[in-house]
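Work through these short exercises with the structure open. Try each task before you read its solution.

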Amino acid sequence: MTAVAAPRQAPDLREAKGWRRSKNRIMTILMVAAFVITLIPLGFVLFTVIAKGASIISWQFLTGSPIPPNVLPAGIGGMWPAVLGTLLITGLATLMAVPLGVLGAIYLNEYGGRGWLAALIGFMSDVMTGVPSIVMGLFIFSIWVLHFGYSGLAGAFALGCLMLPIVIRSSYEMLRLVPDPLREASYALGATKSRVTLTVVLPAALGGIVSGALLAIARAAGETAPLLFTILVVSTPNANVFSGPNTSLPSQIFSNATQPYVGAQDRGWGAALTLIAICFILMIAARIVTARFTRYSR
Amino acid sequence: MKADPASPAGSAPLSQQRPLGDRGFQILALASGLLVLVILVLIAVSTSQQAASWFSTEGLKIFTNNWDPATNHFGVLGFIYGTALTALIAVILAVPVSVGIALLLTEVVPYRWSRPIVYVVDLLAVVPSVVWGLWGILVFVPWIQHIYASVGSGVNGVPVLGALFGPPTSGASFLTAGIILAFMITPIVTSLSREVIATVPQIDREGAYALGATRWEMITGAVWPHSQGGVVGAVLLGLGRAMGETIAAALVIGSAVNVITTHLTVPGYNMPAVIANQFGEASGTFRAGLMGLGVLLFVFTIIINVLARGIVERSARRKRGA
């Protein structure tokens with residue numbers, strides 16, 4: 001497998017010439033082209049969302065209420081119910097998924113070691129990141145919504161299920177980077193394992209864990225599919241996340257996207273810009289945390 | 001918590017000498033780890049239960065191309081075809097680009113340039129699915145339908161191309177969904193391919209250069225044989241993502257049921273999109289059928305992900321050991 005098959009001519013210490021050189025050039029240009037090709041849709045989407053959303057977004061759009069019916073033009077009411085819903089539901093999902101995910105990662109790295117159970121959990125957690133988000137929605141619908149009704153909490157459960165494996169993976173990678181001598185030094189001082197983990201290992205990996213968690217939150221904040229059958233859609237703010245239907249920015253974009261009314265589409269673009277701004281802020285925060293607070297990196 | 005001088009580093013057995021808090025924490029961590037397995041089992045059990053009446057009333061007819069809630073027919077073959085087709089289009093479009101970027105990052109550009117490129121590619125993943133969908137339906141579909149129409153009339157009657165791109169054409173179609181899905185899976189395929197390619201030993205590269213290989217010859221001779229397997233795994237993971245991606249597909253795929261055709265530019269449906277669009281109004285066997293689609297989707301993606309992760313892990317381990 002490792003045998004080098006490519007140079008068919010006799011080894012030649014001079015620089016490659018002719019077709020060999022051209023082929024090398026062409027392939028390098030194609031690689032650069034591959035990157036440029038991805039810039040086109042990205043630039044196109046960001047440009048459209050900013051161009052169309054910027055004229056819609058105002059203080060009133062973000063904090064006004066209720067969300068008006070589709071036929072009304074933009075400028076009446078506002079998206080506050082959706083902004084509130086997104087913040088509450090994503091926040092609640094974070095409160096559930098991040099502690100559990102970090103604890104799971106601690107098990108994988110500090111306790112599980114090379115055992116079969118840790119290997120199985122690690123593997124299945126990676127597999128779980130591939131479970132479609134809509135399936136998470138159906139899952140929470142069948143075990144929670146059917147018995148307790150629609151609520152922000154149900155949506156938070158679904159988003160939490162999505163975030164959990166992402167948090168486990170990123171935290172595990174960070175814990176793995178903490179050097180063993182740090183642990184050994186604390187054991188030598190007589191600390192128990194839980195104490196070593198909580199006061200030495202976890203703080204050492206905190207920067208990376210926080211930045212991984214922020215990226216998981218950004219991913220969850222933009223998800224629509226798990227919320228479709230767990231929170232429904234309402235047009236007035238529902239601050240009680242534990243009962244009654246709720247709404248979110250992605251749900252509003254989804255329901256406005258297929259409307260023929262200009263007002264509805266405008267609200268869709270405004271909500272899209274708000275959502276992208278939230279996701280980007282989270283991502284930039286993650287980068288800053290990584291750059292400033294990460295002690296160990298690959 | 002009191003210090004426990006009797007526990008040696010790392011390998012303390014669960015003895016009575018360990019303080020309660022210490023054992024409690026271990027159990028808590030274990031429970032959180034097990035939660036992953038519990039959730040996966042619960043997903044399988046609870047959704048299958050909800051879908052049971054569909055499996056039992058329809059029997060093997062679930063695999064016919066006949067989805068008609070009005071007459072109580074719930075065959076999902078068309079959706080399975082749509083899922084496979086759109087995911088395949090996405091992979092065919094995204095893989096060359098992703099592998100190209102991965103090679104660019106690992107083999108061509110210097111390290112300080114590679115980070116900004118990674119950031120930019122990752123931005124594609126930060127744009128939420130629903131925003132891709134909104135842009136897709138309001139901007140991309142109206143723009144591309146003219147291209148479809150002119151290409152369609154151009155290739156009409158040409159043997160293979162005519163069957164793929166010929167009229168009738170529509171902006172919201174399998175192909176459009178596949179293109180949008182390709183944008184969305186590019187970051188993950190890129191980052192996984194990059195990880196795999198990074199495990200190729202530096203000495204192999206140097207050996208190829210020492211023999212006088214150009215960079216491209218070094219890539220095909222030294223890097224590719226080493227990373228082939230892992231890249232296949234990355235591609236499979238991308239396929240799994242594309243199969244499960246819901247909202248963007250739901251908005252741009254055109255929402256036409258029972259479409260099985262060689263034409264790529266006609267409206268159709270895939271599994272996640274039909275669940276998203278029809279679940280709200282469903283009840284009884286209809287709802288059970290959509291749940292069943294969810295079960296099938298879950299099974300398909302789990303199989304693909306287990307395969308893919310297995311391949312990626314095995315190739316990464318073998319290369320590291322070598």
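**Exercise 1.** Among contacts in chain B between residues at least 6 apart in sequence, what percentage join residues at least 24 apart?

*Solution.* Start with the model: it is predicted, local features need pLDDT of at least 70, side-chain atom pairs count only at pLDDT 80 or more, and totals for chains, interfaces and linings use all residues. Residues are numbered from 1 along each chain as its sequence is written, while chains are lettered from A and ligands numbered from 1 in the order in which they are written. Next, the term: two residues are in contact if their C-beta atoms, placed from the backbone, lie within 7 Å. For chain B, the result is 73%.

**Exercise 2.** How many helices and strands does chain B have?

*Solution.* Helices (H or I, at least four residues) and strands (E, at least two) are DSSP runs, numbered from the N terminus. Chain B has 11 helices and 2 strands. Now read along the sequence: the pattern is α-β-β-α-α-α-α-α-α-α-α-α-α. Chain A has 11 helices and 0 strands.

**Exercise 3.** How many residues of chain A are in contact with chain B?

*Solution.* On chain A, 86 residues touch 90 residues of chain B. Helix 1 (residues 18–54) of chain A gives the most to this side, 19 residues. Sort the chain A side by class: 58 residues are nonpolar, 19 polar and 9 charged. Here Ala, Val, Leu, Ile, Met, Phe, Trp, Tyr, Cys and Pro count as nonpolar, Asp, Glu, Lys and Arg as charged, and the others, Gly among them, as polar.
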